[in-house]
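Q: Could we go through the strands and the surface charge of this structure together?

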Amino acid sequence: MATETQPAVSAPEDSAALGRQARATVPRSAHAELPPDADRPDPIALLMSQAASRVPELVPIRYGRMASSPFAYFRGAALVMAADLAGTPTSGIPVQACGDAHLLNFGLYASPERRLVFDVNDFDETLPGPWEWDVKRLAASIAVAGRERGFSKSERAQAVLAAVGTYRTAIREFAGMRTLDVWYAKLEADEIMRQLRTAAKGADQRRRVRTQERNISKAAGRTSLQAAGRLSRLVDGRPQFISQAPVVERLDDLLPDDQRHRLEAGLTELVEDYAASLPPDRRVLLRRFQLV
């Protein structure tokens with residue numbers, strides 16, 4: 001029988017005391033500004049350092065997308081923001097951070113049970129770090145996106161405060177929950193809509209609710225099968241990606257036959273090793289499919 005181990009801090013008052021101690025060491029006001037740094041790394045140099053490990057043909061496309069707007073630059077500049085945050089005071093409370101928790105990495109996604117849930121995705125920047133870095137990146141992205149969309153300074157401030165305030169109240173609620181309850185906690189689209197319908201007052205707000213209902217219906221229709229239909233075609237009865245060089249290119253067009261066969265064999269072995277690592281019920285499901 002497995003029982004939940006007692007956390008290092010078991011009582012809410014003890015947690016509150018630790019929080020006050022952390023704030024005494026690094027007060028909340030210390031997070032308010034980015035201190036000037038004469039040795040601040042050049043942002044362009046940082047981005048170019050990343051380019052060394054990227055596909056050369058795709059780097060100009062990435063830069064072109066980033067140059068299209070301030071928010072597009074912000075989306076692609078996670079390393080630049082991390083370098084800036086590295087020189088700021090931290091809470092001393094580490095987590096496995098998303099690393100790129102900007103506004104557009106939150107959305108509606110299908111759970112393993114095929115239920116639409118609101119969550120964060122895109123974890124290719126994940127690393128251990130101070131918990132507040134993710135919150136700061138989210139808050140900054142709301143401010144940048146709001147400015148780009150023409151919202152006033154007060155509206156942007158209100159949106160940022162609403163986001164971080166909701167985060168604060170959620171964390172406070174999670175702190176009083178058991179480990180498994182936190183692990184399985186989720187915010188489903190149905191619950192979001194229930195809250196919006198309850199809060200809606202007046203024709204304008206009810207119209208916004210109907211817009212969100214349409215958005216959720218669209219999200220439910222965005223599946224891997226839909227993507228496959230758009231990105232591939234049937235050739236001799238087998239699906240084949242449509243070449244869109246240089247963003248999407250087939251192995252046939254990139255590698256000689258001997259190199260391609262070695263890579264395909266390696267990918268097949270990789271999938272088989274992954275299947276072997278799965279619980280039996282998931283292994284049975286995966287083996288109903290084949291690598292193409």
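The exchange below takes up the sheet, then a hairpin, then a charged patch.

Q: Before we begin, what kind of model is this?
A: This is a predicted model.

Q: In what order do the three strands of the open sheet run?
A: The order is S2-S3-S5, and the pairing is antiparallel.

Q: Which strands stand at the edges?
A: Strand S2 (106-110) and strand S5 (187-188) do. Each has a single partner strand, so one side of each is left without a neighbour in the sheet.

Q: And how many bridges join S3 and S5?
A: Strand S3, residues 116-120, pairs with S5 over two bridges in the antiparallel sense.

Q: Which residue of S5 does Val117 stand opposite?
A: Val117 faces Glu188 there.

Q: Moving on to the hairpin, how do S6 and S7 pair?
A: Strand S6 (residues 232-235) and strand S7 (residues 238-241) are antiparallel, with four bridges. Ser232 stands opposite Phe241 in S7.

Q: What is found between those two strands?
A: The hairpin has two residues between the strands, and Asp236 takes a positive phi near 55 degrees.

Q: Changing topic, which residues gather in the patch of positive charge?
A: On the surface, Arg20, Arg23, Arg28, Arg168 and Arg172 make up that patch.

Q: Which helices supply at least two residues each?
A: Helix H1 (12-25) and helix H7 (153-175) each do so for the positive patch.

Q: Where does Arg168 lie, then?
A: Arg168 belongs to helix H7.

Q: Why does Arg168 count as exposed?
A: Its relative accessibility is 56%, and exposed means over 50%.

Note on methods:
Residues are numbered from 1 along each chain as its sequence is written. This is a predicted model: local features need pLDDT of at least 70, side-chain atom pairs count only at pLDDT 80 or more; totals for chains, interfaces and linings use all residues. Side-chain values use heavy atoms; hydrogens and water are left out. Two strands pair if DSSP finds at least two bridges between them. Patches are made of residues with over 30% relative accessible area and no salt bridge: like charges are joined within 9 Å, nonpolar side chains (Val, Leu, Ile, Met, Phe, Trp, Tyr) within 5 Å. Accessible areas come from the Shrake-Rupley method with a 1.4 Å probe; for residues, only the protein chains shown count as cover. A salt bridge is a side-chain nitrogen of Lys or Arg within 4 Å of a carboxyl oxygen of Asp or Glu. Lys and Arg count as positive and Asp and Glu as negative; His and the chain ends are not counted. The place of a charge is taken as NZ of Lys, CZ of Arg, CG of Asp or CD of Glu. Buried means under 20% relative accessible area, exposed over 50%, partly exposed in between (1.4 Å probe, protein chains only).
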